[in-house]
Amino acid sequence: AEALGLPREWDREKKEGIRKWWWRASHGLVTKRKITVRSGHGAHKTGFTAVSILWFLICYHPCKIPCTAPSSHQLNDVLWPEVAKWLRRLRERAAELADALEWTKQRVYVKEAPEEGFAVLRTARPEKPEALQGFHSDNLLFIVDEASGVAEPVFEVAQGALLGKNAFLILIGNPTRTHGFFHASHHHDRAAFCTIHVDVEKVEGANTAEVERLATKYGRDSNYFR
């Protein structure tokens, strides 16, 4: 945390891009090993995911981190640039840690053991859930971004990979569906997860003016606004 520039006391630094809920989510990930985060847009869920990837690569070895989402856009254009950004920040504060890792357009890996410690992108296609098979390691972190849009066969594959003793799972997304694995993780299956609900109206750095505009346009009780 210190290497990434995360403040010991929240009020000391608010410009770093950290959100308070990241601390609660990080604690839940370490203690529960399964975490599910739901929120609207603008809660900086992708930033938390990126930091978690770097943390796992540095602290666990050997390790594998399959990262999936319903679209390649979410992975290649949203998540992966965020990982690169936080790796640069790490290099500014702890060059030895950052220099142990290599970022490419498809993978982030440990330089000394690229086949034993890496994070990789895999688009979650319901017609090809087997693309996520074969990820086995002493330490596994499975990341599902925009989880509400991921088909059930993909989650079935993921659950098979999570049978290992030191397996972790991060589910991140907007709660846009009232069924499926992601919805269940916040409701009837919530006992198995650390559940985090981020209110975008209260999160640091939110565009409150735009939130109010949408509230006025659609109404606070509308499904769109909720």
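This report walks through a predicted model, from its overall make-up to single residues.

**Overall make-up**

The protein has seven helices and eight strands. It is 226 residues long, and 46% of them count as buried. Among contacts with a separation of 6 or more, 69% link residues 24 or more positions apart.

**The sheet**

Eight strands form an open sheet. Their order is β3-β4-β5-β2-β6-β7-β1-β8, and the pairing is mixed. The edges belong to β3 (101-103) and β8 (194-198). Each of these has a single partner strand, so one of its sides has no neighbour in the sheet. From one strand to the next, the twist averages 15°.

Helix α2 packs on this sheet. Its contacts there are with β1, β2, β3, β4 (107-110), β5 (117-123), β6 and β7. The direction of α2 makes about 165° with that of β7. Angles over 145 degrees count as roughly antiparallel, so α2 is roughly antiparallel to β7.

**Strand β6**

In the sheet order, β6 stands between β2 and β7. Three bridges join β2 to β6, and the two strands run parallel. On the other side, β6 and β7 (residues 167-173) also run parallel, joined by five bridges. Some of the residue pairs that face each other across these strands are set out below.

| Residue in β6 | Residue opposite | Strand of the residue opposite |
|---|---|---|
| Val144 | Thr68 | β2 (63-69) |
| Leu141 | Phe168 | β7 (residues 167-173) |
| Val144 | Leu171 | β7 (residues 167-173) |

Val144 thus has Thr68 opposite it in one pairing and Leu171 in the other.

How many residues of β6 are buried? Five of the five are, so the strand is largely enclosed by the rest of the structure. In a regular strand, side chains alternate between the two faces of the sheet. In β6, one side carries Leu140, Phe142 and Val144. The other carries Leu141 and Ile143. Both faces are covered, and each of these side groups is made up of buried residues.

**Helix α2 against helix α3**

Two packed helices are described by the angle between their axes and the distance between the axes. For α2 and α3 (residues 72-93), the angle is about 60° and the axes lie 9 Å apart. That makes the two helices oblique to each other. The crossing is right-handed.

Which residues of α2 make the contact with α3? They are Thr46, Gly47, Thr49, Ala50, Val51, Ile53, Leu54 and Ile58. From α3 come Gln74, Val78, Leu79, Trp80, Glu82, Val83, Trp86, Leu87 and Leu90. By type, the contact residues of the two helices divide into 12 nonpolar, four polar and one charged.

Ala50 gives a closer view of this contact. This residue lies in helix α2. Its relative accessibility is 0%, so Ala50 counts as buried. Beyond its neighbours within four places in sequence, Ala50 is in contact with Leu79, Glu82, Val83 and Trp86. These four partners are listed among the α3 residues of the helix contact. The C-alpha atom of Ala50 is also 9.0 Å from that of Pro81, which is 31 residues away along the chain.

**Backbone exceptions**

Most residues other than glycine have a negative phi, and most peptide bonds are trans. Three places in the loops depart from these patterns.

The peptide bond between His61 and Pro62 is cis, with omega about -5°. Pro62 sits in the loop between α2 (45-59) and β2 (63-69).

Arg33 has a positive phi, near 75°. Its place is the loop between α1 (20-32) and β1 (34-39). Is Arg33 buried or partly exposed? Its relative accessible area is 29%, and Arg33 is partly exposed because buried residues must fall under 20%.

Glu146 also has a positive phi, near 50°. This residue is found in the loop between β6 (140-144) and α5 (152-161). Its relative accessibility is 24%, so Glu146 counts as partly exposed. The residues of β6, which this loop follows, are buried.

Technical notes
Residues are numbered from 1 along each chain as its sequence is written. This is a predicted model: local features need pLDDT of at least 70, side-chain atom pairs count only at pLDDT 80 or more; totals for chains, interfaces and linings use all residues. Side-chain values use heavy atoms; hydrogens and water are left out. Buried means under 20% relative accessible area, exposed over 50%, partly exposed in between (1.4 Å probe, protein chains only). Axes are lines fitted to C-alpha atoms, for helices over the stretch in contact, and angles run from 0 to 180 degrees between N-to-C directions. Angles under 35 degrees count as roughly parallel, over 145 as roughly antiparallel, 65 to 115 as roughly perpendicular and the rest as oblique. A crossing is left-handed if the near helix is turned anticlockwise from the far one by less than a right angle, and right-handed if clockwise. Contact means heavy atoms within 4.5 Å. Ala, Val, Leu, Ile, Met, Phe, Trp, Tyr, Cys and Pro count as nonpolar, Asp, Glu, Lys and Arg as charged, and the others, Gly among them, as polar. Two strands pair if DSSP finds at least two bridges between them.
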